[in-house]
Each structure stands twice: as C-alpha cells, then as structure tokens.
Amino acid sequence: MVIKVQTKDTGVLITGFFISLIGIGIHIFEPGWIINPSGTGGAFVGAGIVLIGLGIRSIRLKNKGTIVEDERIFYIAEKASHKTLTILIILQGILMAFLGITAFDIQAYPIVSLLFAITVLTYVGFYHWYKRRF
Amino acid sequence: MKNNLKVWRAKKDITQEQLANEMEVTRQTINAIERGKYDPSITLAFKMARFFECSIEDIFLYEE
C-alpha cells in the first residue's frame, strides 16, 4: 500500500514532533528561567501531540479519498472565528478596564491561561453551533 | 435561495455521496444545499450546472 503524504502534512508532523521534543526537554531539564517547567513542558507536549494527531488524521483521510475541507467548512470556520474574536475583544476590553480602574494586582499566567481556555471553548462551541445551522 | 438539486440528482440517479465526490465537496455540503441551509459559491453552482448540463437558473432560484 502506497501512503501519499503532502508537504503540508509533513510540515505539521515535523512541527508537532519538535514542539513535543521541546516540551520533553523543558520537563526533563527544568531550566531555571522557566517559572513552571512541568506546566510549560506539559503544554508543549500536549500541543505537539495534538498536531501529530491532526497530521496523521489528515493523511489517513486523504489516502482514503475523503474530502476533509470544502467551502462550507471554511464558511463555518470563518463565522466561528469572527464570533470568537468579537467575544475576546469585548472580554479583554472589560478586563483592561477593570484592571485599570481597580489597579488589581493579578498574575499574568492564570489570566492568559483563562483567556486561552475561553478562546478554545468559544471557537469549538461556535463551530459546532454553525455546523448544525449550515 | 431555493433549489431543486434533489430533483436533478434523482434524474441522474446518483447519491449525495457520488455528487459530493464529483463536486469535490463533502456529502454534508450537498445535504445542506438540498435542505436550503447553505447557499453554494458561484464556482460550485457553475460546476453543478455543468455536471447536470443545464443552466444555474435551472437548479437555483433566487428569491428576494
């Protein structure tokens, strides 16, 4: 059986591999300039594994002849991205105003993590919502 | 926008999957077009018209 692999998929696999490698490196060597090595390493490994998984899935589907992306999928993704961006701008604006008014002393890491989680959840939520609509 | 894609597909006696493969889109996209949930791009509309050997207006009907 011949497995056809496109340059884009190879790029995704290599990037995933290197990101995982960086994550493992951070986790093992625990550099002093990183505040939370296990968390950072875990995040890198997680992102790398997700990329590798997506790359393998894409290769498998393309080899089966399954069409993964088309104009409707791009339309749905566009709609979901726009809504997510709007919500994030509003949230960040509120956050900036709140921090500016109260001068509340808060750490950046949990706030960035929260914004990251909100971004992912909002996008996935809107993506599935629009997928049912269109 | 209304359409009678289902009728044209029945005339050709092909499944949604077969039409999707011909149009290089997913089966879900053909299903969404047939149900009037999604309006295809002009490129896809032309491809469909060419495939069914008719004009775009024969398949799609624009209503204000």
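B:I30 touches B:Q16, B:L19, B:A20 and B:V25, leaving aside residues up to four places away in sequence. Touching here means that the C-beta atoms, placed from the backbone, lie within 7 Å. Residues are numbered from 1 along each chain as its sequence is written, and chains are lettered from A, with ligands numbered from 1, in the order in which they are written. The model is predicted, with local features needing pLDDT of at least 70, side-chain atom pairs counting only at pLDDT 80 or more, and totals for chains, interfaces and linings using all residues.

B:I30 belongs to the largest nonpolar core. Its 9 residues are B:L5, B:L19, B:M23, B:V25, B:I30, B:A32, B:I33, B:M48 and B:I59. Two elements, α2 and α3 of chain B, give two or more residues to this core. α3(B) gives the most, with 3 residues. A nonpolar core is a set of buried Ala, Val, Leu, Ile, Met, Phe, Trp, Tyr and Cys residues joined through C-beta atoms within 7 Å. A residue is buried if 20 or more other C-beta atoms lie within 10 Å of its own, exposed if 12 or fewer, and partly exposed in between; these C-beta atoms are placed from the backbone. In soluble globular proteins, nonpolar side chains tend to be buried together.

Now take chain B as a whole. Its secondary structure comes to 5 helices and 2 strands. From the N terminus on, the order is β-α-α-α-α-α-β. Helices (H or I, at least four residues) and strands (E, at least two) are DSSP runs, numbered from the N terminus. Of the 64 residues of chain B, 22% count as buried. Among contacts in chain B between residues at least 6 apart in sequence, 51% join residues at least 24 apart.

What is the radius of gyration of chain B? It is 10 Å, which agrees with a compact globule, because 64 residues would then give a value near 11 Å. The radius is taken over C-alpha atoms, and the globule rule is 2.2 Å times the number of residues to the power 0.38. Along the principal axes, the C-alpha atoms of chain B fill a box of roughly 30 × 25 × 20 Å.

Two loop residues deserve a look. B:E24 is in the loop between α2 (16–23) and α3 (27–34) of chain B. Its phi is near 60°, a positive value in a residue other than glycine. B:E24 counts as exposed because it has 12 C-beta neighbours inside 10 Å. B:E53 lies in the loop between α4 (42–52) and α5 (56–59) of chain B. Phi of B:E53 is also positive, near 55°. B:E53 has 9 C-beta neighbours inside 10 Å, so it counts as exposed. Most residues other than glycine have a negative phi.

Next comes the partner chain. 9 residues of chain B are in contact with 5 residues of chain A. On the chain B side, they divide into 4 nonpolar, 3 polar and 2 charged. Ala, Val, Leu, Ile, Met, Phe, Trp, Tyr, Cys and Pro count as nonpolar, Asp, Glu, Lys and Arg as charged, and the others, Gly among them, as polar.

Chain A has domain 1 (1–68) and domain 2 (70–134), with bounds from an automatic or database domain assignment. Their centres, taken over C-alpha atoms, are 24 Å apart. A:I90 is found in helix α3 of chain A. A:I90 is exposed, because 10 other C-beta atoms lie within 10 Å. Chain A averages a pLDDT (the predictor's confidence in each residue, from 0 to 100) of 90.

Note on methods
Two residues are in contact if their C-beta atoms, placed from the backbone, lie within 7 Å.
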